[in-house]
Amino acid sequence: MKRVVVASSVFWVMAMTANKGFASLVDLGPQELVQAGGTDIVVPGYSVPSYVDWNNDGLADLIVGQGDYANPGKARIYLNVGTESGPQFSDYFYVQSNGADLTVPAAGCMGCFPRVVYWDADDRKDLLVGLTDGTAKILLNTGTEYKPTFDSGTTVQVGVLGVDLDVGVRSTPTFVDWDGDGMTDLVAGALDGKIHVYLNCGCGGAVPPHFYFSDPIGDFAQEDGLDLVVPSGRSSPVVLDWDGDGMKDLLTGNTEGQLLFYPNVGTDMEPLFSGYLLVESDGVPINLPGSPRSRPFVCDWTGDGYLDVLIGASDGKVHLYQGIPEPATFLLLGLGSLALLRNRRFR
């Protein structure tokens, strides 16, 4: 796939919310559609992309969740048959669970929301799957690091008594050390537009799942002293340092197909937010047509050290926005954030 280069200088994106004045050095190029075998990837239902090395060959691969009210929830793997700087994809296969295609219940605007994690202590990639009913499952790898295959999955538990994690509807989970204590926490979006935060209490035992989270209700990301609610709902969070200030920020999709950036105005250990910016592509705010339910993933698409964004949506396609940085600034930003993104072991 050819990289699209836009001849433009980096500009300061000044998309402001009411009475807010944040600026962020963000310059994403024009939208591209990821292809496999020379045609646009289109999955049944709503796409949920991520980009990780699935088979440990040193190249990142494309994982795409799929499904909706009319199509079962599955996850496709497109292995990278190109290079680090020029990813290419041909065919796909489905993630396997107990010797068959992983299939989860789907409803409405969501099927399978997959994220690769390292959940237990065996150094093999596992799969965290957000479900349409508001819960999440952890599927442990019963294969190898080079050829993952998974068990039937266990519902993620929270609280020392072990009740099911439940964000209501449309669980979109991710793993990150939210409070800077060295333990990986679970952060999930939902239909209600809130960012649900489950802190790792460190009380996991030897029996999988390895992690337990302290509060069965969970906490919420805060905006101006209140629970943060993403406009139009259906939050889908990515947590990373987007503006290069050394503190984790929040990117999220929403019902309307936008990409919202919430700068952290608190600390890295106690993130707080106060307004958002609309992230732009080629100088125009990202706003996919209709009500596409944007579900983003931040990666380094071509291994150049700069941040790029994949977005899944209702059209089943994988929308790619490549970062066009200013070398003296955005490179440092990218390297710092990518160090967080590449901390695969989640210990």
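Is Lys125 buried or exposed? Lys125 is buried, at 1% relative accessibility. Keep in mind that this is a predicted model. Below is a quick tour of its salt bridges, its cysteines, the surroundings of Ser171 and one small open sheet.

**Salt bridges**

- The count comes to 5 salt bridges, and three of them get a closer look here, starting with the one made by Lys125.
- Lys125 pairs up with Glu145, and the closest N and O atoms are 3.3 Å apart. Lys125 sits in the loop between strand 10 (113-117) and strand 11 (126-130), while Glu145 sits in the loop between strand 12 (136-139) and strand 13 (154-155), so this bridge ties together parts that are 20 residues apart in sequence.
- Both ends of that bridge are tucked away: Lys125 is buried at 1% relative accessibility, and Glu145 is buried too, at 9%. Buried here means under 20% relative accessible area, so both values make the cut.
- Asp101 forms a salt bridge with Lys74, with 3.5 Å between the closest N and O atoms. Here the partners come from strands: Asp101 belongs to strand 9 (residues 100-101) and Lys74 to strand 6 (residues 71-78), so the bridge ties together parts 27 residues apart in sequence.
- The two ends of this bridge fall into separate classes: Asp101 is partly exposed at 32% relative accessibility, whereas Lys74 is buried at 17%.
- Lys248 and Asp268 meet through their side chains in a salt bridge, at 3.2 Å from N to O. The pair links distant parts of the chain, 20 residues apart: Lys248 is in the loop between strand 22 (236-240) and strand 23 (249-253), and Asp268 is in the loop between strand 24 (259-262) and strand 25 (277-278).
- In this pair the lysine is the buried partner, with Lys248 at 7% relative accessibility, while Asp268 counts as partly exposed at 29%.

**Cysteines**

- How many disulfides does the structure hold? The answer is 0.
- As for individual cysteines, Cys112 is buried, with a relative accessible area of 1%. Cys299 is buried as well, at 4%.

**Around Ser171**

- Where is Ser171? Look in the loop between strand 15 (163-164) and strand 16 (172-176).
- Ser171 is buried, and its relative accessible area is 0%.
- The Ser171 side chain reaches the backbone oxygen of Thr135 at 3.3 Å.
- If you skip its neighbours within four places in sequence, Ser171 still touches a set of residues, including Met110, Phe113, Leu131, Thr135 and Ala188. Several glycines are on that contact list as well, among them Gly130, Gly134 and Gly189.

**The open sheet**

- Which order do the strands take in the sheet? The order is 1-30-29-28, with 4 strands in an open sheet and antiparallel pairing.
- Strand 1 (32-33) and strand 28 (295-299) are at the edges with a single partner strand each, so one side of each has no neighbour in the sheet.
- Strand 1 meets strand 30 (residues 318-321) in the antiparallel sense, over 2 bridges.
- To find that pairing on screen, go to Glu32: its bridge partner in strand 30 is Leu320.

Methods. Residues are numbered from 1 along each chain as its sequence is written. This is a predicted model: local features need pLDDT of at least 70, side-chain atom pairs count only at pLDDT 80 or more; totals for chains, interfaces and linings use all residues. Side-chain values use heavy atoms; hydrogens and water are left out. A salt bridge is a side-chain nitrogen of Lys or Arg within 4 Å of a carboxyl oxygen of Asp or Glu. Buried means under 20% relative accessible area, exposed over 50%, partly exposed in between (1.4 Å probe, protein chains only). A disulfide is a pair of cysteine sulfur atoms within 2.5 Å. A polar contact is a pair of N or O atoms within 3.5 Å; within protein, one must be able to donate a hydrogen and the other to accept it, and residues adjacent in sequence count only if both atoms are side-chain atoms. Contact means heavy atoms within 4.5 Å. Two strands pair if DSSP finds at least two bridges between them.
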